[in-house]
Amino acid sequence: MTICGVLQYVLPGLLVGYLAKKSPMMHGYLLGIATTALTYPYGAAPGQFPTTYIVLYTCFVAGVWCSLGAIIGDHVRSLKANPEN
């Protein structure tokens with residue numbers, strides 16, 4: 001994944017982690033899976049369709065990156081709530 005690809009998943013994960021009060025990691029993972037599964041670039045010709053393994057692997061990697069962003073967003077929210085830490 002390129003830097004833009006990583007930021008494509010980490011930045012939305014940051015937002016989800018910051019906004020989700022309970023289980024931000026799960027919300028981030030589900031966001032990564034949903035964005036990949038729904039927006040995966042399918043080709044117009046039948047020969048360009050990706051295999052199931054490529055889509056599943058990409059969903060897994062995107063879920064991990066979004067979860068990382070969600071963890072960071074949750075950490076930032078907790079630092080704002082408790083500034084003495």
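Leaving aside its neighbours within four places in sequence, which residues is Thr36 in contact with? The legends below take up this question and others in a predicted model.

**Figure 1. The whole chain is built from helices.**
This predicted model shows a protein chain with three helices and zero strands. Read along the sequence, the pattern is α-α-α. The chain has 85 residues, and 28% of them count as buried. About 5800 Å² of the protein chain is exposed. Carbon and sulfur atoms supply 73% of that area. Take the contacts between residues at least 6 apart in sequence: 70% of these join residues at least 24 apart.

**Figure 2. Thr36 in helix H2 is in contact with Tyr9, Thr58, Cys59 and Ala62.**
Here is the reply to the opening question. With neighbours within four places in sequence left aside, the partners of Thr36 are Tyr9, Thr58, Cys59 and Ala62. Thr36 belongs to helix H2, which spans residues 24-39. Is Thr36 buried or exposed? Thr36 counts as buried, because its relative accessibility is 2%, and buried means under 20%. Val61 can be placed against this residue too. The two are 25 residues apart along the chain, and their C-alpha atoms are separated by 9.4 Å. Val61 sits in helix H3. Its relative accessibility is 16%, so Val61 also counts as buried.

**Figure 3. Helices H2 and H3 pack with their axes 7 Å apart.**
The angle between H2 and H3 is about 145 degrees. The crossing of H2 past H3 is right-handed. On the H2 side, the contact is made by Pro24, Met25, Gly28, Tyr29, Leu31, Gly32, Ile33, Thr36 and Ala37. On the H3 side, the residues include Thr58, Cys59, Phe60, Ala62, Gly63 and Val64. Cys66, Ser67, Ala70, Ile71 and Asp74 are also among the H3 residues in this contact.

**Figure 4. Thr58 of helix H3 is seen with its partners.**
Thr58 lies in H3. Which residues does Thr58 contact, leaving aside its neighbours within four places in sequence? They are Thr36 and Tyr40. Ile33 gives a distance for this view. Thr58 and Ile33 are 25 residues apart in sequence, and their C-alpha atoms lie 8.4 Å apart in space.

**Figure 5. Ser67 of helix H3 touches Met25, Gly28 and Tyr29.**
Those three partners leave out residues up to four places away in sequence. Ser67 is part of H3. Its relative accessible area is 5%, so Ser67 is buried. How far apart are the C-alpha atoms of Ser67 and Tyr9? The separation is 8.8 Å, between residues 58 apart along the chain. Tyr9 also appears in Figure 2, as a contact of Thr36.

**Figure 6. Arg77 and Asp74 form a salt bridge.**
How many salt bridges does a search of the whole structure find? The search finds one. Side chains of opposite charge can pair when their charged atoms come close. In this pair, the N to O distance is 2.5 Å. Both Arg77 and Asp74 lie in helix H3, residues 52-81. They are three residues apart, about one turn of the helix. Asp74 has 26% relative accessibility, so Asp74 counts as partly exposed. Asp74 is also one of the H3 residues that make the contact with H2.

**Figure 7. Six residues make a nonpolar surface patch.**
Leu15, Tyr18, Leu19, Leu68, Ile72 and Val76 form this patch of about 520 Å². Which elements give two or more residues to the nonpolar patch? They are helix H1, residues 3-19, and H3. Ile72 is placed in H3. Its relative accessible area is 38%, so Ile72 is partly exposed.

**Figure 8. Ser23 has a positive phi.**
Most residues other than glycine have a negative phi. Phi of Ser23 is near 45 degrees, a positive value in a residue other than glycine. Where is Ser23 found? Ser23 is in the loop between H1 and H2. Ser23 is partly exposed, because its relative accessible area is 37%.

Notes:
Residues are numbered from 1 along each chain as its sequence is written. This is a predicted model: local features need pLDDT of at least 70, side-chain atom pairs count only at pLDDT 80 or more; totals for chains, interfaces and linings use all residues. Side-chain values use heavy atoms; hydrogens and water are left out. A salt bridge is a side-chain nitrogen of Lys or Arg within 4 Å of a carboxyl oxygen of Asp or Glu. Helices (H or I, at least four residues) and strands (E, at least two) are DSSP runs, numbered from the N terminus. Buried means under 20% relative accessible area, exposed over 50%, partly exposed in between (1.4 Å probe, protein chains only). Contact means heavy atoms within 4.5 Å. Patches are made of residues with over 30% relative accessible area and no salt bridge: like charges are joined within 9 Å, nonpolar side chains (Val, Leu, Ile, Met, Phe, Trp, Tyr) within 5 Å. Accessible areas come from the Shrake-Rupley method with a 1.4 Å probe; for residues, only the protein chains shown count as cover. Axes are lines fitted to C-alpha atoms, for helices over the stretch in contact, and angles run from 0 to 180 degrees between N-to-C directions. A crossing is left-handed if the near helix is turned anticlockwise from the far one by less than a right angle, and right-handed if clockwise.
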